[in-house]
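Let's take a walk through a protein together. Have the picture open and turn it around as you read.

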Amino acid sequence: MNLSLSPKEFSHYVLRQVDHFFPDNARIDTDKFSLAFDLAVDRTHHCFKHLRLTSYYSQGETYLNHLHSDQYAVFLWFLSNSVWKETEDEKLAAKFFYLNKSLHSFNCMYDTNLPDIFLFLHLMGTVLGKAAYSDFLVVTQGCTVGAHHGKYPQIGKGASLLPNTSIIGDSHIGNYVSLGISTVVYEQDIPDRHIVYRDNQGAIHTKRSVRPWSQQFFNVDFS
């Protein structure tokens with residue numbers, strides 16, 4: 001993976017941000033951090049190599065830019081999750097979660113099971129709870145995925161959440177479903193390859209989709 005800084009400079013950059021935002025003088029275990037950092041880079045590479053966007057993947061090479069906020073948000077989530085999975089250092093994982101929340105207004109806990117392959121677009125004000133997610137997920141600004149009475153949604157492959165959409169409770173979102181702007185799915189089942197949209201009067205409808213919105217972003221054929 002091509003980093004915008006050298007691996008050493010990139011890792012130091014992240015650590016300096018953590019020290020700046022959370023100056024509690026707590027010592028960070030550099031061996032644990034290095035393990036999680038390398039894993040997060042590998043996971044980001046695997047995620048980005050499935051994208052059509054040339055700022056992420058071009059001519060067989062993946063790119064991670066610390067000044068590209070959507071890319072950096074993906075990396076920070078992978079880092080928080082990798083710390084939690086590989087080192088069980090919850091305090092450090094929480095700092096990376098909190099850093100992502102502070103920088104990008106993105107709330108997704110380090111122990112959430114996001115998929116291996118996903119894309120954030122204009123990520124601000126989004127909350128992703130502990131639902132069951134699938135690969136080729138696209139999430140934009142102002143989205144919410146959350147529980148009702150302790151039950152979280154299940155979201156199929158290739159799903160797209162356009163701005164200000166919400167999926168709440170015991171909902172089952174099929175494969176290649178596109179949720180249009182400002183739609184709400186509350187304890188509903190949406191079949192595969194459908195669009196959910198809001199009409200001019202505010203009513204929410206579903207209809208069959210020929211091509212999912214997410215297809216334009218990934219180099220994998222969804223047909």
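Before we start, one bit of vocabulary: a residue counts as buried when its relative accessible area is under 20%, as exposed when that area is over 50%, and as partly exposed in between. Keep in mind, too, that what you're looking at is a predicted model.

Try the vocabulary on threonine 126, which lies in strand β6. Its relative accessible area is 0%, so threonine 126 is buried. What is threonine 126 in contact with, leaving aside its neighbours within four places in sequence? The list is Ser105, Phe106, Asn107, Val139, Thr140, Gln141, Gly142 and Cys143.

Now zoom out. The protein has four helices and 17 strands. Its radius of gyration is 18 Å, close to the 17 Å that the globule rule gives for 223 residues, so the protein is as compact as a globular protein of that length. If you drew a box around the C-alpha atoms along the principal axes, you'd need roughly 55 × 45 × 30 Å. Of the 223 residues, 48% count as buried, just as threonine 126 does. As for the outside, the protein exposes about 10700 Å², and carbon and sulfur atoms supply 48% of that area. The chain also meets itself across long stretches of sequence: take the contacts between residues at least 6 apart, and 36% of them join residues at least 24 apart.

Next, look for a small open sheet of three strands, in the order β1-β3-β2 and with mixed pairing. β1 (2-3) and β2 are the edge strands, each pairing on one side only. Strand β3 (residues 61-64) pairs with β2 in the antiparallel sense, over two bridges. Helix α2 packs on this sheet and touches β1, β2 and β3, with its direction at about 120 degrees to that of β3.

Tyrosine 57 is a good place to pause, since you'll find it in strand β2 (residues 57-58). Across from tyrosine 57, in β3, stands threonine 62. Is tyrosine 57 buried or partly exposed? With 25% relative accessibility, tyrosine 57 counts as partly exposed. Not counting residues up to four places away in sequence, tyrosine 57 touches Phe48, Lys49, Leu51, Arg52, Thr62, Tyr63 and Asn219. Aspartate 31, on the other hand, is 26 residues from tyrosine 57 in sequence and 30 Å away in space, C-alpha to C-alpha.

On to charges. Side chains of opposite charge can pair when their charged atoms come close. How many salt bridges does the structure hold? There are two. One joins the side chains of lysine 95 and aspartate 24, at 3.0 Å from N to O. Lysine 95 lies in helix α4 (residues 90-104) and aspartate 24 in the loop between α1 (7-21) and α2 (30-48), so this pair ties together parts that are 71 residues apart in sequence. Lysine 95 counts as buried, at 12% relative accessibility, whereas aspartate 24 counts as partly exposed, at 44%.

Aspartate 111 and lysine 130 also meet through their side chains in a salt bridge, at 3.0 Å from N to O. This pair links distant parts of the chain, 19 residues apart: aspartate 111 is in the loop between β4 (106-107) and β5 (118-120), and lysine 130 is in the loop between β6 (126-128) and β7 (137-139). Aspartate 111 is partly exposed, with a relative accessible area of 21%, and lysine 130 is partly exposed with 40%.

Conventions: Residues are numbered from 1 along each chain as its sequence is written. This is a predicted model: local features need pLDDT of at least 70, side-chain atom pairs count only at pLDDT 80 or more; totals for chains, interfaces and linings use all residues. Side-chain values use heavy atoms; hydrogens and water are left out. A salt bridge is a side-chain nitrogen of Lys or Arg within 4 Å of a carboxyl oxygen of Asp or Glu. Buried means under 20% relative accessible area, exposed over 50%, partly exposed in between (1.4 Å probe, protein chains only). Contact means heavy atoms within 4.5 Å. Two strands pair if DSSP finds at least two bridges between them. Axes are lines fitted to C-alpha atoms, for helices over the stretch in contact, and angles run from 0 to 180 degrees between N-to-C directions. The radius of gyration is taken over C-alpha atoms; the globule rule is 2.2 Å times the number of residues to the power 0.38. Accessible areas come from the Shrake-Rupley method with a 1.4 Å probe; for residues, only the protein chains shown count as cover.
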